[in-house]
Amino acid sequence: MNTLIGQDLETAAQFLKEGALVAIPTETVYGLAANAFNVEAVAKIFEAKNRPSFDPLIVHTHSIEEVEKFTLNFPEKAKKLAKKFWPGSLTILLPKNQLIPDLVTAGLNTVAVRIPNHPLTIELLKNLEFPLAAPSANPFGYISPTTALHVEAQLEGKVGYIIDGGYCRVGIESTIIEIKDNKTIIYRLGGISVETIKNEIGEIEEIRNSSSNPKASGMLASHYAPSKPIVLGNIDTMLENHDAQKTGILAFRTPQQGIPESHQVVLSKSGDFAEAAQHLFAGMRYLDGLDIDVILTELLPEEGLGRAINDRLRRASTTKL
Ligand code: TXA
Ligand code: MG
């Protein structure tokens with residue numbers, strides 16, 4: 001298959017109507033989309049990503065009314081969050097109806113839903129008569145793409161059309177939550193911080209963001225892993241045992257003396273978490289492409305989006321911190 005890239009939404013819609021795959025921009029990361037109501041189309045996602053079928057997908061749509069067409073109920077608290085954060089980086093688990101094929105949810109009776117915040121994708125969704133199932137548009141276990149070129153580099157030939165929506169503004173995946181018996185459970189830390197959600201609805205009863213319970217695949221221990229080893233710790237100390245010419249640095253705020261500038265990514269000089277999140281995956285990809293042996297990185301403060309970033313760093317790294 002020849003992969004086209006552009007902003008032609010009619011062409012993109014045509015591919016989707018025919019059951020083909022289209023990469024869509026969102027504010028978090030790019031998604032690999034198919035008609036969520038068409039099981040053959042959805043199967044192509046798993047094939048293209050080499051994704052195990054036990055790992056369920058997120059369904060994207062453009063309005064709460066649309067969500068109600070393929071779900072059984074929408075708890076009050078969940079709806080409050082949806083109204084506050086959609087379109088945006090929050091995914092909500094809701095009981096599905098029969099319109100959603102079991103393949104989408106890996107046999108679970110809940111479906112993960114979100115309204116993404118990207119003008120091109122919202123317009124596309126409004127022109128379709130079905131929602132879009134879309135995981136991140138990367139091969140399974142690899143870093144999520146935050147530009148159209150990242151998608152092309154890894155899925156060329158496997159996707160009909162890539163909508164080029166520019167650089168993803170948030171840069172890390174959505175936060176996944178469920179409201180069950182009026183309790184709030186977070187399954188994946190992401191683009192909307194725990195503190196922000198707490199401010200809106202009060203208590204959060206549980207954060208199950210642990211690799212020992214892979215209900216959500218972002219939870220598998222080694223996820224987001226580049227091909228070079230990433231080592232987490234104190235960069236200064238770790239550098240004592242590494243060859244400066246063969247080492248990449250992924251730092252939060254401060255570059256290292258004595259390491260070539262081209263081998264370093266500083267996520268945010270001013271220490272801004274949102275800016276750091278925006279550059280995280282592109283930074284990992286950049287370093288992964290260099291002629292180096294190892295990438296040294298460090299944790300951010302455990303607050304706000306820092307927690308979600310640390311979660312990605314821990315999963316990408318070969319050390320456990
Ligand atoms: O920001 C995002 O969420 C991006 C963009 C494209 O929307 N999508 C994304 O999809 O990150 P993916 O497939 O890479 O991650 C979706 C996560 C997986 O960890 C999956 O296990 C979890 O959502 N998930 C989906 N449905 C679920 C369900 N019913 N119960 C629990 N976890 C679910
Ligand atoms: Mg993913």
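In the predicted model, helix α10 covers residues 273-288, and its 16 residues span 22 Å from the first C-alpha to the last, close to the 22 Å expected at 1.5 Å a residue. The helix nevertheless contains a kink of about 40°, and this kink is centred on Leu-280. Leu-280 is also one of the buried residues of α10. The other buried positions in this helix are Phe-273, Ala-276, Ala-277, Phe-281, Ala-282, Gly-283, Met-284, Arg-285, Leu-287 and Asp-288. The cover over the buried residues of α10 includes two helices, α7 (148-155) and α11 (305-316), together with the strands β12 (230-232), β13 (247-251), β14 (264-266) and β15 (294-297).

The packing of α10 on α11 was examined further. Two packed helices are described by the angle between their axes and the distance between the axes. For α10 and α11 the angle is about 20° and the axes are 9 Å apart. Because angles under 35 degrees count as roughly parallel, α10 is roughly parallel to α11. The crossing of α10 past α11 is left-handed. On the α10 side, the contact is made by Phe-273, Ala-274, Ala-276, Ala-277, Leu-280, Phe-281 and Met-284. On the α11 side, the contributing residues are Leu-305, Gly-306, Ile-309, Arg-312, Leu-313 and Ala-316. Leu-280, on which the kink is centred, is thus among the residues of α10 that touch α11.

Strand β14, which helps to cover the buried residues of α10, contains Val-266. With a relative accessible area of 23%, Val-266 is partly exposed, since the partly exposed class lies between the 20% and 50% limits. Not counting residues up to four places away in sequence, Val-266 touches Ala-251, Phe-252, Arg-253, Thr-254 and Pro-255. Arg-285, a buried residue of α10, is 19 residues from Val-266 along the chain, and the C-alpha atoms of the two are separated by 13 Å.

A second helix pair is formed by α4 (76-85) and α8 (residues 194-201). Their axes are 10 Å apart and the packing angle is about 120°, so α4 and α8 are oblique to each other. This crossing of α4 and α8 is right-handed. Helix α4 contributes Lys-77, Lys-80, Leu-81, Lys-84 and Phe-85 to the contact, and α8 contributes Thr-196, Ile-197, Glu-200 and Ile-201.

Within this pair, Glu-200 belongs to α8 and is partly exposed, at 21% relative accessibility. When its neighbours within four places in sequence are left aside, Glu-200 is in contact with Lys-80, Leu-81, Lys-84 and Phe-85. These four residues are also listed among those through which α4 meets α8. Between Glu-200 and Phe-85 the sequence separation is 115 residues, whereas the C-alpha to C-alpha distance is 9.8 Å.

A third pair consists of α1 (residues 9-17) and α6 (residues 119-126), whose axes come within 10 Å and cross at roughly 55°. This angle makes α1 oblique to α6. The passage of α1 across α6 is a right-handed crossing. The contact involves Leu-9, Ala-12, Ala-13 and Leu-16 from α1, and Leu-120, Glu-123 and Leu-124 from α6.

Backbone geometry was considered next. Most residues other than glycine have a negative phi, and most peptide bonds are trans. In this model, Asn-50 has a positive phi, near 60°. Asn-50 lies in the loop between α2 (39-49) and β4 (58-60), and its relative accessibility of 63% places it in the exposed class. Asp-181, which is not a glycine either, has a positive phi of about 50°. The loop that holds Asp-181 runs between β9 (175-180) and β10 (183-188). At 71% relative accessibility, Asp-181 counts as exposed, because that class begins over 50%.

A cis peptide bond is present between Trp-86 and Pro-87, with omega at about -5°. Pro-87 is located in the loop between α4 (76-85) and β5 (90-95). Helix α4, which borders this loop, is the helix that packs against α8 at an angle of about 120°.

Conventions: Residues numbered from 1 in each chain as written. Chains lettered and ligands numbered in written order. Predicted model: local features only at pLDDT ≥ 70, side-chain atom pairs only at ≥ 80, totals over all residues. Heavy atoms only, no water. Expected span 1.5 Å × (residues − 1). Bend = angle between axes of the 7 residues up to and from the residue. Buried < 20%, exposed > 50% of the residue type's maximum accessible area, 1.4 Å probe, protein only. Contact = heavy atoms within 4.5 Å. Axes fitted to C-alpha atoms, helices over the stretch in contact; angles between N-to-C directions. Parallel < 35°, antiparallel > 145°, perpendicular 65-115°, else oblique. Left-handed = near helix turned anticlockwise from the far one by under 90°.
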